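Subject: Structure for your files

Hello,

Here is the structure I said I would pass on. My notes follow below it.

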There are 2 protein chains.
Amino acid sequence: MRADAKRNYDRIIEVAREVFREQGYDASLDEVAKRAGVGPGTLYRHFPRRENLIDAIMQSWVDRVTEAADKALAHEGPPRALLVAWFEAYVALISLHKGGPAKITCAIEDPESPIRTKCQTLTAATDRVVQRLEAEGALRPGVDAVQMCRLVGGVATVADQGNLDPAAVGPLLGVVADGMLV
Amino acid sequence: MRADAKRNYDRIIEVAREVFREQGYDASLDEVAKRAGVGPGTLYRHFPRRENLIDAIMQSWVDRVTEAADKALAHEGPPRALLVAWFEAYVALISLHKGGPAKITCAIEDPESPIRTKCQTLTAATDRVVQRLEAEGALRPGVDAVQMCRLVGGVATVADQGNLDPAAVGPLLGVVADGMLV
DNA sequence: ACCTGAACACCGTTCAAGT
DNA sequence: ACCTGAACACCGTTCAAGT
């Protein structure tokens, strides 16, 4: 990659991070280009789809996911507490940007999605929790990590799009947890 | 309302029903106006917000909701079967149009939403199921109709936006049901 | 009182012309 | 090889001019 191209590429990501933080993942790409001081064509050359840009934004995010899973698994306690702790971390992680819960949850198990590797990190982390609970015999037969991601992602999506009071989210996650434990 | 206004009003609803069936609730309102043979201003005069038009579309829908609740409640059987039957009917009812699950679920408990009366019908129907299960002592303490609507609505939203295989939805509803029953 | 449709603002996307 | 920015298509929304 040429030096000026690399500079533009980095600058777009930097600015997009800022714009998406302020306005969510559905923010105008035109504004990203403007703030980055590049033409719209340059943005499209580097990131043909919005999800490609989102994927680039999420690079450092994968570390936070595995760290959160580590932290949740380190907790010694009853299965329900572990599961609920992971659910809350999960919701927080995918809700960092407005529009995130829907985008991420819809991309799960979609091989065509540009953010599929990020979703795989998320399902893999969830699967570690599943494995632990399964080993303890705490999980209902038939439940798996993908189901968990979809259910918790669904709760996060509703909370995100409906501007739900954070206090209303906990009980919903509790129901999901109870439905997955023996 | 003047005769020609009434004629336009009815025609817009008729055409919108068709367009929304084909393309979902996020379809272009410009196309609705064009197909109805009215100017965009006329559409906006009658329906200042998209949700006002959706609300008009949903008029006959409320009967289907109460009928579905009647039918679910008529079933004699174990609590879980009743609950899952209602969940499946609920998902079907809000998924008639693409974009419906998100729109409807986000409007629940939102007093500002133009479709709030439709959501109230939905929560009221769900509450009838809740009352029945509560009387049988089958429900976990603390769960209510609004939580149910949000959880099942979340599942429907994920299924709708992520083009989920219908076969994958049933197990998710099963988890939610198990989480709400003793 | 109601309708029309031009007009505006905004956004995503493309591509010919430049360097 | 890469960038620019004009240009296009589309959409929601408004409003002055008409009837």
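This is a predicted model. I start with DNA strand D. A backbone N or O atom of A:Gly41 lies 3.3 Å from a base oxygen of DNA strand D. Two further polar contacts to that strand come from chain A side chains. A polar side-chain atom of A:Arg2 is 3.0 Å from a base nitrogen of DNA strand D, and a side-chain N or O atom of A:Asn8 is 2.7 Å from one of the phosphate oxygens of DNA strand D.

Both chains contribute elements to this surface. Two or more residues each come from helix H1 (3-23) and helix H3 (40-46) of chain A, and from helix H2 (29-36) and helix H3 (40-46) of chain B. The largest share is that of H3(A), which supplies five residues. In total, 21 residues surround DNA strand D, and the closest are A:Asn8, A:Thr42, B:Leu29, B:Tyr44 and B:Arg50. By class, eight residues of this surface are nonpolar, eight are polar and five are charged. On the DNA side, 67% of the strand D atoms within 4 Å of the protein belong to sugar or phosphate, and the rest to bases.

DNA strand C is next. It is surrounded by 21 residues, of which the closest are A:Leu29, A:Tyr44, A:Arg50, B:Asn8 and B:Thr42. Of the strand C atoms that come within 4 Å of the protein, 67% are accounted for by sugar and phosphate.

The polar contacts I noted for DNA strand C involve chain B:

- The side chain of B:Arg2 has an N or O atom 3.0 Å from a base nitrogen of DNA strand C.
- B:Gly39 places a backbone N or O atom 3.2 Å from a phosphate oxygen of DNA strand C.
- B:Thr42 has a polar side-chain atom 2.9 Å from a phosphate oxygen of DNA strand C.

The elements giving two or more residues to the surface near DNA strand C are helix H2 (29-36) and H3 of chain A, with helix H1 (3-23) and H3 of chain B. H3(B) gives the most, with five residues. The classes here are eight nonpolar, eight polar and five charged residues.

Now the protein itself. Chain A has ten helices and zero strands, and its C-alpha trace spans about 55 × 35 × 25 Å along the principal axes.

Within chain A, I looked at the packing of H1(A) on H2(A). Their axes are 9 Å apart and the angle is about 130 degrees, so the two helices H1(A) and H2(A) are oblique to each other. The crossing of H1(A) past H2(A) is right-handed. On the H1(A) side the contact involves A:Arg11, A:Ile12, A:Val15, A:Ala16, A:Glu18, A:Val19, A:Phe20, A:Glu22 and A:Gln23, which meet A:Leu29, A:Glu31, A:Val32, A:Arg35 and A:Ala36 of H2(A). These residues divide into eight nonpolar, one polar and five charged.

In chain B, I noted two helix pairs that share H9(B). The first pairs helix H6 (residues 79-94) of chain B with helix H9 (residues 145-161) of chain B, at an angle of about 60 degrees and with the axes 10 Å apart. H6(B) is therefore oblique to H9(B), and H6(B) passes H9(B) in a right-handed crossing. From H6(B), the contact takes in B:Leu83, B:Phe87, B:Tyr90, B:Val91 and B:Ile94; from H9(B), it takes in B:Met148, B:Cys149, B:Val152, B:Gly153 and B:Ala156. Nine of the residues in the contact of H6(B) with H9(B) are nonpolar, one is polar and none is charged.

The second pair is helix H8 (residues 116-135) of chain B with H9(B); their axes come within 8 Å and cross at roughly 115 degrees. That angle makes H8(B) roughly perpendicular to H9(B). H8(B) also passes H9(B) in a right-handed crossing. The H8(B) residues B:Leu122, B:Thr123, B:Thr126, B:Asp127 and B:Val130 meet B:Ala145, B:Met148 and B:Cys149 of H9(B). By class, the contact of H8(B) with H9(B) has five nonpolar, two polar and one charged residues.

Regards

Definitions and conventions. Residues are numbered from 1 along each chain as its sequence is written. Chains are lettered from A and ligands numbered from 1 in the order in which they are written. This is a predicted model: local features need pLDDT of at least 70, side-chain atom pairs count only at pLDDT 80 or more; totals for chains, interfaces and linings use all residues. Side-chain values use heavy atoms; hydrogens and water are left out. A residue is near a molecule or strand if one of its heavy atoms lies within 4 Å of it. A polar contact is a pair of N or O atoms within 3.5 Å; within protein, one must be able to donate a hydrogen and the other to accept it, and residues adjacent in sequence count only if both atoms are side-chain atoms. Helices (H or I, at least four residues) and strands (E, at least two) are DSSP runs, numbered from the N terminus. Ala, Val, Leu, Ile, Met, Phe, Trp, Tyr, Cys and Pro count as nonpolar, Asp, Glu, Lys and Arg as charged, and the others, Gly among them, as polar. Axes are lines fitted to C-alpha atoms, for helices over the stretch in contact, and angles run from 0 to 180 degrees between N-to-C directions. Angles under 35 degrees count as roughly parallel, over 145 as roughly antiparallel, 65 to 115 as roughly perpendicular and the rest as oblique. A crossing is left-handed if the near helix is turned anticlockwise from the far one by less than a right angle, and right-handed if clockwise. Contact means heavy atoms within 4.5 Å.
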